[in-house]
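Me: Please choose one part of this model and look at it closely. I should like to know how the backbone and its surroundings are arranged there, and how that part fits into the whole.

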Amino acid sequence: MPLYKTLTPNSQTTVKIWKITESYEALLQTLTLRDESMRRVLGMKSELHQRGFLSVRHLLAEFGYTDADLYYDENGKPHLKDGKFISITHSFTFSGVIVSDTVVGIDIEKQRQKIGVIAHKFIGYEFDYLVSSAEDYINKLTVIWCIKESLYKLFATPGMLFREHFLVIPFMVKDEETIAWIDYNDKKYRYETRFFEFEGFTCAYVC
């Protein structure tokens with residue numbers, strides 16, 4: 001069972017990352033899934049997505065939960081029946097789960113050059129400090145995307161836009177932390193964010 005990394009950013013919060021090396025059959029073999037979850041898996045066209053979904057259930061088990069302990073609200077946000085807060089992510093061969101006593105969000109993304117093509121869609125203020133010719137430009141874009149995706153998962157409010165409502169203050173990739181803000185409906189919310197890179201991927205989480 002390739003639990004890749006466990007982080008405890010504070011006494012109330014734990015992050016677990018899974019490296020998906022098993023086959024679909026191997027991941028499914030030891031799991032007990034609700035009928036609804038099984039239908040979701042069988043309805044996925046990509047085996048990569050199926051393996052991601054199943055690996056998240058293995059991460060739940062690492063926290064002491066089962067598939068039956070997880071449910072989703074009308075906005076697609078996951079919840080745990082015991083009242084703790086959870087956020088889920090998977091990208092290619094990695095998945096991640098964060099569980100906390102407070103509201104949280106997490107995202108993992110593969111670092112790819114093509115993020116530069118869509119940067120204008122999710123970045124506004126950040127262009128003031130980003131340098132497109134810099135060696136770490138793609139890395140920073142990926143960090144910003146992960147942070148904003150984590151904020152979106154945390155807030156779970158339809159209508160929020162990455163470019164207009166979220167901003168990430170300047171940071172160095174080596175610092176592995178920064179501050180992010182949500183500016184929405186004339187209210188401002190400040191969040192401490194953390195991030196790290198591994199094997200060509202970036203993970204960010206907000207709590």
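**A buried loop residue and the sheet beyond it**

Reply: Ala156 is buried, with a relative accessible area of 17% (buried means under 20%, exposed over 50% and partly exposed in between, with a 1.4 Å probe and the protein chains only). The model is a predicted one, in which local features need pLDDT of at least 70 and side-chain atom pairs count only at pLDDT 80 or more, whereas totals for chains, interfaces and linings use all residues. Residues are numbered from 1 along each chain as its sequence is written, and side-chain values use heavy atoms, with hydrogens and water left out.

Ala156 sits in the loop that leads from helix H5 to helix H6 (162–165). Helices (H or I, at least four residues) and strands (E, at least two) are DSSP runs numbered from the N terminus. The backbone of Ala156 has a phi near 50°, a positive value in a residue that is not glycine.

A positive phi is also found at Asn185, where the angle is about 50° although the residue is not a glycine. Asn185 belongs to the loop between strand S9 (177–184) and strand S10. With a relative accessibility of 61%, Asn185 counts as exposed, whereas Ala156 is buried.

The strands on either side of Asn185, S9 and S10, lead into an open sheet of 5 strands. Its order is S7-S11-S10-S9-S8, and the pairing is antiparallel; two strands pair if DSSP finds at least two bridges between them. At the edges stand S7 and strand S8 (166–168), each of which pairs on one side only. Neighbouring strands of this sheet are turned against each other by 25° on average, direction ignored. Such angles are taken between axes, which are lines fitted to C-alpha atoms (for helices over the stretch in contact), and they run from 0 to 180 degrees between N-to-C directions.

From the S8 edge, the sheet can be followed strand by strand. S8 pairs with S9 in the antiparallel sense over 3 bridges. Within this pairing, Leu167 has Trp181 in S9 as its bridge partner. Further along the order, S10 (residues 187–198) and S11 are paired in the antiparallel sense over 6 bridges, and Phe196 stands opposite Cys203 in S11. S10 and S11 form a hairpin, with 2 residues between them. Glu199, in the turn of this hairpin, has a positive phi of about 50°. At the other edge, 6 bridges join strand S7 (residues 105–110) to S11, and these two strands run antiparallel. One of the pairs is Asp107 with Ala204 in S11.

How enclosed is strand S11? Of the 6 residues of S11 (residues 201–206), 6 are buried, so the strand is largely enclosed by the rest of the structure. Phe201, Cys203 and Tyr205 point one way from S11, while Thr202, Ala204 and Val206 point the other way, and all are buried. Two of these residues have already appeared in the bridge pattern: Cys203 lies opposite Phe196, and Ala204 is the partner of Asp107.

Another open sheet, of 4 strands, has the order S1-S2-S6-S5, again with antiparallel pairing. Strand S1 (3–10) and strand S5 (85–91) are at its edges with a single partner strand each, so one side of each has no neighbour in the sheet. The average turn between neighbouring strands of this sheet is 15°, direction ignored. S5 is joined by 7 bridges to strand S6 (residues 94–100), and the two run antiparallel. Among the bridged residues, Ser91 has Phe94 in S6 as its partner.

These parts belong to a protein with 6 helices and 11 strands. Its C-alpha trace spans about 50 × 35 × 35 Å along the principal axes. Buried residues make up 46% of the 207 residues. Ala156 in its loop is one of the buried residues, and S11 contributes 6 of its 6 residues to that group.
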